[in-house]
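Me: I've got a chain up on screen and want to talk through its charged pairs. Can you walk me through it?

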Amino acid sequence: QPSDRDSDLDKQFKELSNKYKHVKRLYFEGKTQIDMLNGRVEQLQNAVANQRMSQSRTAWDDNEYSTRFNRLNGAINNLSFNIRKDWRSLPLWINGFVSSDALKTGKQEMTAIGRAVVSRWLVEEVFNKCFHPALDTQLSSQLKEIELSIRENSYTMHHQEEVDAHTTKVVNWRMATLDGLQKRLNSNAAADNRGMLIGKVTKNLT
């Protein structure tokens, strides 16, 4: 026959077991609700972003970006192929990845090298230095520097939610900045600024 002490222990065990089951149930119910709320927050963020994009003449949707980058990719391919036999020397950063006779033969390898060199040049000299082509070069460069600082000055992110939040932060800053620049972007100087930028990058690339 169990002693009173054993009965008390058994009773305490059952109570703890019931409490554990209760807490476990609450945890999973709470986790489910949190996941649902996170999903709802993401939907609302996307809805707000889409609404702002639809209201702004300066924003493109994914299809428009995709179309333009496909056109850019095609232009890079054509340029790289057309100049494959015209190279006199190569940038130092790519020398270690090129075969010894690539420059002499000017064949497929030089087309690939051209793609790499032109793509890197575009990133470093255009995408990382120009916030908007319709702006004065100095202002555009300064705004781009601010944007890159926002992107870079972030802690190490381990979760997708953190990445999404940081992306939203950058997008919101860009949208607000573009909204504030509407007068400049629609001014008579905008076309001149575009022309000067095109002339400058064309000269520097060639």
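Reply: Sure, starting with the term: a salt bridge is a side-chain nitrogen of Lys or Arg within 4 Å of a carboxyl oxygen of Asp or Glu. This is a predicted model, where local features need pLDDT of at least 70, side-chain atom pairs count only at pLDDT 80 or more, and totals for chains, interfaces and linings use all residues. Residues are numbered from 1 along each chain as its sequence is written, and side-chain values use heavy atoms, leaving out hydrogens and water.

Me: Which residue forms a salt bridge with Arg-120?
Reply: Look in helix α5 (residues 108-127; helices are DSSP runs of H or I, at least four residues, numbered from the N terminus), where the two partners sit four residues apart, about one turn of the helix. The closest N and O atoms are 2.9 Å apart, and the partner is Glu-124.

Me: Is Glu-147 buried or exposed?
Reply: Buried means under 20% relative accessible area, exposed over 50%, and partly exposed in between (1.4 Å probe, protein chains only). Glu-147 has 2% relative accessibility, so it counts as buried.

Me: Which helix holds Arg-174, the partner of Glu-147?
Reply: Glu-147 and Arg-174 form a salt bridge, with the closest N and O atoms 2.8 Å apart. Glu-147 lies in helix α6 (residues 137-152), so the pair ties together parts that are 27 residues apart in sequence, and Arg-174 is in helix α7 (residues 160-180).

Me: Which residues are linked with Glu-147 in a network of salt bridges?
Reply: Arg-174 is one of the members. Besides Glu-147 and Arg-174, the network takes in Lys-144 and Arg-151.

Technical notes:
Helix = DSSP H or I, 4+ residues; strand = E, 2+ residues; numbered from the N terminus.
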